[in-house]
Amino acid sequence: MKNIDLSLLRRSDLFSGIEEKEISGMLSCLSAQSKRYEKSSYVMRFGEKVDSVGIVLSGNVNIITEDYWGNRNIIADIEPGMLFAESYACVADIPLKVSIQAAKDCEILWMDVKKILTSCSSACEFHTRLIRNLVSALAAKNILMNEKLRFISQRTTRDKLLAYLSAESMRQRSSSFTIPFDRQQLADYLSVDRSAMSNELSKMRREGILQYNKNNFSLADKGLI
């Protein structure tokens, strides 16, 4: 395929350990095709059946749940190089229980999951690695979901915020870091009211627990918490 950033794909979980020249040859075997989506448009909707996995090439998408009244909860933010829809694609008879929405203008690379799971004669050695990578990606997503459950199971809005921000600080190995959410998205992700969350952030800033500017945060010494 033309104009696909193979170096980005090589850094993705799905193609980890596979060289760019092999990836280029495998894309046609996987019936790969790219598609662009505008910000706020739906990439996939609740109830659809899925037979392909996606990798974000540019922009980012949110995996969300929405109830009857339109209340949203962000399950995950998917950035360039990240894989999504793999769980549903692997069990194609189960319709989506979530929706996937473009958080920014984005481009998605779609690949037929059946061709990922079935080794082809032209790239057998690398296909085995591809299948192993897919299994690892599924396990990693399970771990991330368990981590989110830890955040939202906290009793108070402050506790949810501190649990999430602490985890991001540790993941990025810095007391100053950037999160992938704006205020509404963060509230949706943590399942809290946006106004209550904003008030709590302001309180913690006044107390010297943290500082922030938009989605950039800096945590103070743990003795203040």
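Helix axes are lines fitted to C-alpha atoms over the stretch in contact, and angles run from 0 to 180 degrees between N-to-C directions. The model is predicted: local features need pLDDT of at least 70, side-chain atom pairs count only at pLDDT 80 or more, and totals for chains, interfaces and linings use all residues. Residues are numbered from 1 along each chain as its sequence is written, and side-chain values use heavy atoms, with hydrogens and water left out.

**Exercise 1.** Determine how H7 and helix H8 are oriented to each other.

Solution. Helices (H or I, at least four residues) and strands (E, at least two) are DSSP runs, numbered from the N terminus. The axes of H7 and helix H8 (residues 194-206) come within 9 Å and cross at roughly 105°. Angles under 35 degrees count as roughly parallel, over 145 as roughly antiparallel, 65 to 115 as roughly perpendicular and the rest as oblique. H7 and H8 are therefore roughly perpendicular. In contact (heavy atoms within 4.5 Å), Arg-183, Gln-184, Leu-186 and Ala-187 of H7 meet Arg-194, Met-197 and Leu-201 of H8.

**Exercise 2.** Classify the ring pair of Tyr-164 and Phe-181, and place both residues in the chain.

Solution. A pair of aromatic rings is described by the distance of the centres and the angle of the planes. Rings of Phe, Tyr and Trp (its six-membered ring) pair if their centres lie within 6.5 Å; planes under 30 degrees apart count as stacked, over 60 as edge-to-face and the rest as tilted. The whole structure holds 7 aromatic pairs. In one of them, Tyr-164 and Phe-181 are 6.2 Å apart centre to centre with 40° between the planes, a tilted pair. Tyr-164 belongs to helix H6 (residues 157-172), while Phe-181 lies in the loop between strand S9 (176-178) and helix H7 (183-190), 17 residues apart. Both Tyr-164 and Phe-181 are buried; buried means under 20% relative accessible area, exposed over 50%, partly exposed in between (1.4 Å probe, protein chains only). Ring pairs join Phe-151, Tyr-164, Phe-181 and Tyr-189 into a cluster.

**Exercise 3.** Find the charged end that sits over the ring of Tyr-212.

Solution. A charge sits over a ring if NZ of Lys or CZ of Arg is within 6 Å of the ring centre and within 35 degrees of the ring normal. Over Tyr-212 sits the charged end of Arg-205, 4.1 Å from the ring centre. Tyr-212 is buried, with a relative accessible area of 15%.
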